[in-house]
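This report walks through a few helices of one structure for a reader who has not met it before. Please look over the sequence and the model before reading on.

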Amino acid sequence: MQKINKEEISNIALELFSSKGYNNVTINDICDACEITKPTFYKYAGSKEELILDLYDRTIHDITTDTYRFLQANSHYEQLVIIFASLFQDTIKFGPDLFSQMMITNLNENHHSFDMRDNLTDLAVMIIEKAQEANEINNINDSKILYSSLAHTFSGYEIMWCVNNGKTNFGEDFFTSMNVILDVKEELRDIYKKYLEV
């Protein structure tokens with residue numbers, strides 16, 4: 001038996017969920033893949049559901065710690081696009097099956113997987129304010145309300161993507177709505193397209 005922690009168990013489980021489907025993977029399958037016993041699994045992971053509750057937190061951590069990609073953007077608006085494109089790309093990577101399961105788990109009992117995260121909110125709000133000052137977006141309403149509107153719009157499209165088992169234009173639909181909500185300057189409206197490839 002190898003030395004292991006929750007993050008390693010989660011990473012291995014996510015690979016299994018992605019290849020076989022969440023409901024087709026048992027705790028025994030995870031234990032076998034991790035070369036651990038069931039008591040070790042329960043000690044570190046708690047349950048199968050717990051392994052998918054922090055999918056957003058992984059992405060948000062990557063977004064808020066990788067400042068290099070923000071420096072490559074040509075506008076503040078593009079920086080905001082990068083945030084939502086990162087969320088979109090990871091959602092697509094994990095697939096509708098995992099996100100559906102995360103939603104179901106939170107509907108049964110709120111594990112706060114979909115709560116706004118302060119670090120990401122603060123970053124996005126600051127970027128929106130800079131974009132307003134630079135006249136990149138014409139909607140001058142409160143930046144916190146604008147970000148909240150975008151975050152909930154994203155979740156709405158994500159839910160419909162899950163309901164339709166990945167058969168929607170989730171990215172295109174969201175970014176088109178983002179352009180409308182923020183009233184984005186015409187020449188910046190297509191920036192998102194280069195970030196939709198995953």
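In this predicted model, helix H8 passes helix H9 in a right-handed crossing. The axes of H8 and H9, the latter made of residues 170-182, come within 10 Å and cross at roughly 160°. Since an angle over 145 degrees counts as roughly antiparallel, H8 is therefore roughly antiparallel to H9. On the H8 side the contact includes Leu146, Leu150, Phe154 and Trp161, while on the H9 side the residues met include Phe170, Phe174, Met178 and Leu182. Sorted by character, the residues of this contact comprise 10 nonpolar, 2 polar and 2 charged.

H8 is also among the partners of helix H7, whose buried residues pack against the helices listed here.

| Helix packed against by buried residues of H7 | Residues |
|---|---|
| H4 | 55-65 |
| H5 | 68-71 |
| H6 | 76-108 |
| H8 | 143-163 |

Helix H7 itself covers residues 118-133, and its 16 residues reach 22 Å from the first C-alpha to the last, close to the 22 Å expected at 1.5 Å a residue. Its buried residues include Leu120, Leu123, Ala124, Ile127, Ile128 and Ala131, with Thr121 and Gln132 also among them. In general, an α-helix has 3.6 residues a turn, so residues three or four places apart point the same way. After H7 comes asparagine 135, whose phi is positive, near 60°.

Helix H6 holds aspartate 90, and is this residue buried or exposed? Aspartate 90 counts as buried because its relative accessibility is 16%, and the cut-off for buried is under 20%. Leaving aside residues up to four places away in sequence, aspartate 90 touches Thr59 and Phe99.

Technical notes: Residues are numbered from 1 along each chain as its sequence is written. This is a predicted model: local features need pLDDT of at least 70, side-chain atom pairs count only at pLDDT 80 or more; totals for chains, interfaces and linings use all residues. Side-chain values use heavy atoms; hydrogens and water are left out. Helices (H or I, at least four residues) and strands (E, at least two) are DSSP runs, numbered from the N terminus. The expected span of a helix is 1.5 Å times one less than its number of residues. Buried means under 20% relative accessible area, exposed over 50%, partly exposed in between (1.4 Å probe, protein chains only). Contact means heavy atoms within 4.5 Å. Axes are lines fitted to C-alpha atoms, for helices over the stretch in contact, and angles run from 0 to 180 degrees between N-to-C directions. Angles under 35 degrees count as roughly parallel, over 145 as roughly antiparallel, 65 to 115 as roughly perpendicular and the rest as oblique. A crossing is left-handed if the near helix is turned anticlockwise from the far one by less than a right angle, and right-handed if clockwise. Ala, Val, Leu, Ile, Met, Phe, Trp, Tyr, Cys and Pro count as nonpolar, Asp, Glu, Lys and Arg as charged, and the others, Gly among them, as polar.
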